[in-house]
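I opened this one to see what holds the chain together. Notes below, in the order I looked things up.

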Amino acid sequence: MSSIYNYPFVPPNVRFITPVYHPNIDDSGRICLDALKPPPQGSWKPSLNLSSILMAIRLLLSEPNFNDPLMSEIAQEYQMNRASFITHAMEWTAKHAKNQSAISSNTTPNNTSSTKRTAEGDNWTDNKKPKMF
């Protein structure tokens, strides 16, 4: 995310660096979201803050907008063959987003121990529940 000199009067430039298999995100990481477009094409308002933009992106990831897809083939696959879409999305995630060495060691960036934590409801196997702020 980069902000330009006249933010908040114009929307920030937001894009994904990691490739994402999604109908509203293109190959270069651009996001098709009304809140990221200035009027009259979009709904950007100076009252929108970065937190609300990130929440809108999170919502878009879970609920694609089929009225304005950047990737029409992916949108069609999502609507017509959800199982195929999920398979492709998982493949892209495994290929582009997962750091295999970090996943296999189960360590946190600032922690060199390899304590495994798995959640079943509210029960953490190492009895160290994450702090909620």
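**C32 and its surroundings**

I started with burial: C32 is buried, at a relative accessible area of 7%. For the record, buried means under 20% relative accessible area, exposed means over 50%, and partly exposed is in between, with a 1.4 Å probe and protein chains only. This is a predicted model, where local features need pLDDT of at least 70, side-chain atom pairs count only at pLDDT 80 or more, and totals for chains, interfaces and linings use all residues. Residues are numbered from 1 along each chain as its sequence is written, and side-chain values use heavy atoms, with hydrogens and water left out.

I picked C32 because UniProt lists C32 for "active site" in an unreviewed entry. UniProt positions are given in the numbering used here, feature names are shortened, and annotations may be inferred rather than shown by experiment. C32 is in the segment before α1, the helix at 50-62. Helices (H or I, at least four residues) and strands (E, at least two) are DSSP runs, numbered from the N terminus.

What does C32 contact, leaving aside neighbours within four places in sequence? I found N24, K37, L60, D68 and L70. Contact here means heavy atoms within 4.5 Å.

**Salt bridges**

Two of those contacts of C32, K37 and D68, came up again when I looked at charges. How many salt bridges does the structure hold? I got two, taking a salt bridge as a side-chain nitrogen of Lys or Arg within 4 Å of a carboxyl oxygen of Asp or Glu.

The side chains of D68 and K37 form one of them, at 3.0 Å from N to O. This pair links distant parts of the chain, with D68 in the loop between α1 and α2 (72-80) and K37 in the segment before α1, 31 residues apart. D68 counts as partly exposed at 30% relative accessibility, and K37 is partly exposed too, at 24%.

D26 forms a salt bridge with R30, with the closest N and O atoms 2.5 Å apart. I checked D26 for exposure: D26 is buried, at 9% relative accessible area.

**H22**

Next I went to H22, also in the segment before α1. Is H22 buried or exposed? Buried, with a relative accessible area of 4%.

The H22 side chain reaches the backbone oxygen of L60 at 2.9 Å. A polar atom of that side chain also lies 3.5 Å from the backbone oxygen of L61. Beyond four places in sequence, I see H22 in contact with L60, L61, P64, M71 and I74.

**Nonpolar cores**

I then asked for nonpolar cores, meaning sets of buried Ala, Val, Leu, Ile, Met, Phe, Trp, Tyr and Cys residues joined through side-chain atoms within 4.5 Å. The largest has 10 residues, including V14, I31, L36, W44, I53 and L60. Within four places excluded, L36 touches P11, P12, V14, I31 and I53. Apart from this core lies another, of six residues, among them Y21, I74, Y78 and A89.

**Aromatic rings**

Last came the rings. I counted five aromatic pairs; rings of Phe, Tyr and Trp (its six-membered ring) pair if their centres lie within 6.5 Å, with planes under 30 degrees apart stacked, over 60 edge-to-face and the rest tilted.

Y7 and W44 make a tilted pair, 6.0 Å centre to centre with 45 degrees between the planes. Both Y7 and W44 lie in the segment before α1, so the pair ties together parts that are 37 residues apart in sequence. W44 is buried at 3% relative accessibility, whereas Y7 is partly exposed at 25%.

F66 and Y78 have ring centres 5.1 Å apart and planes at 40 degrees, so this pair is tilted. It links distant parts of the chain: F66 is in the loop between α1 and α2 and Y78 in helix α2, 12 residues apart. F66 is partly exposed at 28%, and Y78 is buried at 12%.

Which residues form one aromatic cluster? I noted Y21, F66, Y78, F85 and W92.

Definitions and conventions. A polar contact is a pair of N or O atoms within 3.5 Å; within protein, one must be able to donate a hydrogen and the other to accept it, and residues adjacent in sequence count only if both atoms are side-chain atoms.
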